[in-house]
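User: I would like to go through the cavities and the sheet of this model, and ask what each label rests on.

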Amino acid sequence: MTTLPSATPTPQSHRPVHGPLRHFLRRFLRRATRRAAVLCSVVGLLLGAQGVAQAAEGQLRIAQQFGIVYLLLNVAQDQKLIEKHGKAAGVDIRVEFVKLSGGAVINDALLAGTIDIAGAGVGPLFTLWDRTRGRQNVKGVASLGNFPYYLVSNNPAVKTIADFTDQDRIALPAVGVSVQSRILQLASAQRWGDPAFNRLDKLQVALPHPDAAAAIIKGGTEITAHFGNPPFQEQELAANPAAQIVLKSYDVLGGPASATVLYATEKFRSDSPKTYRALLDALDEAARFIAAQPEQAADIYLRTHGGNTDRQLLLQVLKNPEVQFQIRPQNTLGLGQFLHRVGALKHQPVALKDYFFDDPRIAGGN
């Protein structure tokens, strides 16, 4: 058996080093120091080069979640619209779509540099815009459209949010951060006053929409409510006779609103202007495609997401007059000002330009 040397210095180890051995050790240390310095420089250059590559034109990594609210991205992916508009601008764009769940996870990925474009609710956008001011300067890129979000419960005793008890659990993408959670906070403030805005946070559970919908449809679990989005909320209402709408986002926000958006860092926008513009052009074309060809759009959704979603139910959602596919944000500022009022945001948004990047197609939003 080989005996490892002790890490504890022995008296002999404290003896002074003289002669050739001392000279050798000095040369060795000098060389080691120089090599370490060169290694650090090389690593620094490699990391710097990697950072440049991540910010270079032609690379686009987009995080999206679940639901029809991401149909603009689905159509752009299926029809290769981003690549098409990139070529028109003289750049070959490599597009990667990443499926994540929850605004908190997506925000972490954006700050870590593993994605370039975040797809999440306007709630997570406000959170990251507030926290990165003066640093990464995260702002909105585009809306993915206006969609009514329903808070659905399979508990017959729950008719309004005032009927929830400690026995209920409300599933949503991210507790306290997702747009569903923020809208529920706004609804609580409207009912019980601003000091009680987070009254229902303790009942919230983070769960991806497909899992939450399955729990509402099946019943018999601790999940008795789900604040979701299309088509999951429609699936719940169609598949479980006990499911009912407790709250509608449009009622809380005062009309149609852009609940789901795309956002990015200032560095990405400034370093990749052609890629950025190609994305906006593609989304704009995708919105026109869906409006003109809802049947094909429904088929694209089914191909992209798989599963057993009913096609007629999808078409019902797409043709709902309350559903509007557009990239100009609508009715987002009020939620941000509420979050500042209750202390969830340090900075107060005053106008859309505060938390959305300037672009002619975005101008006029609110």
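Analyst: In this predicted model, the largest cavity has a volume of about 110 Å³. Among the 17 residues lining the largest cavity, Gln65, Tyr70, Gly121, Pro173 and Gln180 are the closest to its centre. β3 (117-121) and α6 (179-192) are the elements that each give two or more residues to this lining.

User: Why is the space of about 110 Å³ called a cavity?

Analyst: The term applies to points where a 1.4 Å probe fits but cannot get out, so the label cavity says that the space is closed to that probe.

User: What makes Val122 and Leu335 lining residues of the second largest cavity?

Analyst: A lining residue has an atom within 4 Å of a cavity point; Val122 and Leu335 are listed for the second largest cavity, so each has such an atom. Others in that lining include Ile183, Leu253 and Asn331. The second largest cavity holds about 50 Å³ of space.

User: How many residues of each class line the second largest cavity?

Analyst: Its lining has seven nonpolar, three polar and no charged residues.

User: How do you know that β1 and β2 pair?

Analyst: Pairing needs at least two bridges; six join β1 (residues 59-64) to β2, so the two strands pair. They run parallel, and Leu60 stands opposite Val95 in β2.

User: Why are β2 and β4 placed at the edges of the sheet?

Analyst: The five strands form an open sheet in the order β2-β1-β3-β10-β4, with mixed pairing. β2 (94-99) and β4 (139-143) each have a single partner strand, so one side of each lacks a neighbour in the sheet.

Technical notes:
Residues are numbered from 1 along each chain as its sequence is written. This is a predicted model: local features need pLDDT of at least 70, side-chain atom pairs count only at pLDDT 80 or more; totals for chains, interfaces and linings use all residues. Side-chain values use heavy atoms; hydrogens and water are left out. On a 1 Å grid over the protein atoms alone, a cavity is a set of points where a 1.4 Å probe fits but cannot get out, and a pocket is an open set with protein on both sides within 12 Å along at least five of seven lines; lining residues have an atom within 4 Å of a point. Grid points are joined across faces, edges and corners, and a volume is the space filled by probe spheres set on the points. Helices (H or I, at least four residues) and strands (E, at least two) are DSSP runs, numbered from the N terminus. Ala, Val, Leu, Ile, Met, Phe, Trp, Tyr, Cys and Pro count as nonpolar, Asp, Glu, Lys and Arg as charged, and the others, Gly among them, as polar.
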